[in-house]
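User: I've just opened this model and don't know my way around it yet. Can you walk me through it?

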Amino acid sequence: MRITVEYPVSAVGYDPALLAPAGMSRVARAVEEAGLDAIAFTEHPAPSQRWLDAGGHETLDVTAAMSFCAAVTERIRLMSYLLVLPYRNPFLTAKSVATVDVLSGGRATIVAGAGYMKSEFRALGVAFEERNELFDEALEVLRGVWSRNPFGYQGLHFHAGEVAALPRPVQGPAGPPIWVGGNSARARRRAARHQGWSPLLIDENLARTTRTPALTTIGQLSEAVAQAREMAVAEQGEQAFLDVQVQSPHSGWLQRGGSMEEHREHLGLLAGAGVTWFVVQPPGDSVDAAVDGVRRYGELLART
């Protein structure tokens, strides 16, 4: 199983040095040196103070942070986890992601979502009720503009004719992998047309907050993964392969501590359910703690 390190920033108790160039460089290099596979950044460009006070977290601009890490690493994937596609014009998103891919030598992976925070949509001037239509349009534009030149598209709020968005991403023929976040059947159908699915193993309470169906057991996850992969074969043919990246309560194992054997068993059960990537969240109370956590996790996997 491959490992994505979600960058350690939280609203309470995190070390501001993690957002300084030296701190981020150290963490990104530690991910690479530990033999882990990706570093990821989440997106909240205009969260409410209420959300932050309730346990939300500070964020950087996703593609800018990915580009910074591209400059200080050589191997690891640079991931959006996740990028809320309805927040912006899809041609701007395509250009930002293509830039990361070009400057990183083809290491971008996009985990994309439709978004769930009404206040953030309102602040950005985007209709919350149109988020699913905007999300689907964005997926079409990303693939289209990355694979065809020129490219035209008639969207919900824009008209583009004969767009020449060059340079194209390094990864071809249709650009970086796109994984779709969310637990719904709609998310699985979308994922089946692309390269991956990124569900959350969460209970009913968190599911209500993130506006996605609950997925509470590995048995349920296994059934959903099998369904998503069947859809991928139907969409793309027998050669289709769908990566599955999961965040679960064990993603915070490095922060909370606990039994190493139980954690190893959890990873084994996820792998048996068809999961190919797992999200881990290192400590954020200091740069040293984050670096140490990343190194310890690399050692754990080496012994698994």
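**Getting our bearings**

Analyst: Let's start with R296, which counts as partly exposed at 37% relative accessibility. Buried means under 20% relative accessible area, exposed means over 50%, and partly exposed is in between, using a 1.4 Å probe and protein chains only. Keep in mind that this is a predicted model, where local features need pLDDT of at least 70 and side-chain atom pairs count only at pLDDT 80 or more, while totals for chains, interfaces and linings use all residues. Residues are numbered from 1 along each chain as its sequence is written, and side-chain values use heavy atoms, with hydrogens and water left out.

User: OK. Which residue forms a salt bridge with R296?

Analyst: That's D292, and the closest N and O atoms of the two are 3.2 Å apart. By salt bridge I mean a side-chain nitrogen of Lys or Arg within 4 Å of a carboxyl oxygen of Asp or Glu. D292 is partly exposed too, at 38% relative accessibility.

User: How many residues apart are D292 and R296?

Analyst: They are 4 residues apart in helix 12, so about one helical turn separates D292 from R296. Helices (H or I, at least four residues) and strands (E, at least two) are DSSP runs, numbered from the N terminus.

User: And how many salt bridges does a search of the whole structure find?

Analyst: The search turns up 6. One of them pairs R26 with D288, whose closest N and O atoms are 2.8 Å apart. R26 sits in helix 1 (residues 21-33) and D288 in helix 12 (residues 287-303), so this pair ties together parts that are 262 residues apart in sequence. As for cover, R26 is partly exposed, with 39% relative accessibility.

User: What about D136, which residue does it form a salt bridge with?

Analyst: D136 pairs with R190, and the closest N and O atoms there are 2.7 Å apart. Helix 6 (residues 131-147) holds D136 and helix 7 (residues 185-192) holds R190, so the pair links parts 54 residues apart in sequence.

User: Is R190 buried or exposed?

Analyst: R190 is buried, at 6% relative accessible area. Its partner D136 is partly exposed, with a value of 27%.

User: Switching to the strands. In what order do the 8 strands close into a barrel?

Analyst: The order is 1-2-3-4-7-8-9-10, and the pairing is parallel. Two strands pair if DSSP finds at least two bridges between them. In general, strands of a sheet pair through backbone hydrogen bonds, either parallel or antiparallel.

User: Take strand 1. How many of its residues are buried?

Analyst: Strand 1 covers residues 2-6, and 4 of those 5 residues are buried, which makes the strand mostly covered. It runs parallel to strand 10 (residues 277-280), with 4 bridges joining them. On the strand 2 side, strand 1 also pairs in the parallel sense, over 3 bridges.

User: Which residue in strand 10 stands opposite T4?

Analyst: V279 does. In strand 2, T4 stands opposite A38.

User: And further round, how many bridges join strand 2 to strand 3?

Analyst: There are 4, between residues 38-41 and residues 77-84, and the two strands run parallel. A40 faces M79 of strand 3 there.

User: In what sense do strand 5 and strand 6 pair?

Analyst: Antiparallel, over 3 bridges. They make a hairpin with 4 residues between them, and F151 stands opposite V163 in strand 6.

User: Where do the side chains along strand 5 point?

Analyst: They alternate along residues 151-154: F151 and Y153 point to one face and are buried, while G152 and Q154 point to the other and are not.

User: Any backbone oddities? What kind of peptide bond joins Y81 and L82?

Analyst: A cis one, with omega about 0°. L82 is part of strand 3. Another cis peptide bond joins G172 and P173, with omega about 5°. P173 is in the loop between strand 6 and strand 7.

User: One last thing: what is phi of E162?

Analyst: Phi of E162 is near 55°, a positive value in a residue other than glycine. You'll find E162 in strand 6, where it is exposed, with a relative accessible area of 62%.
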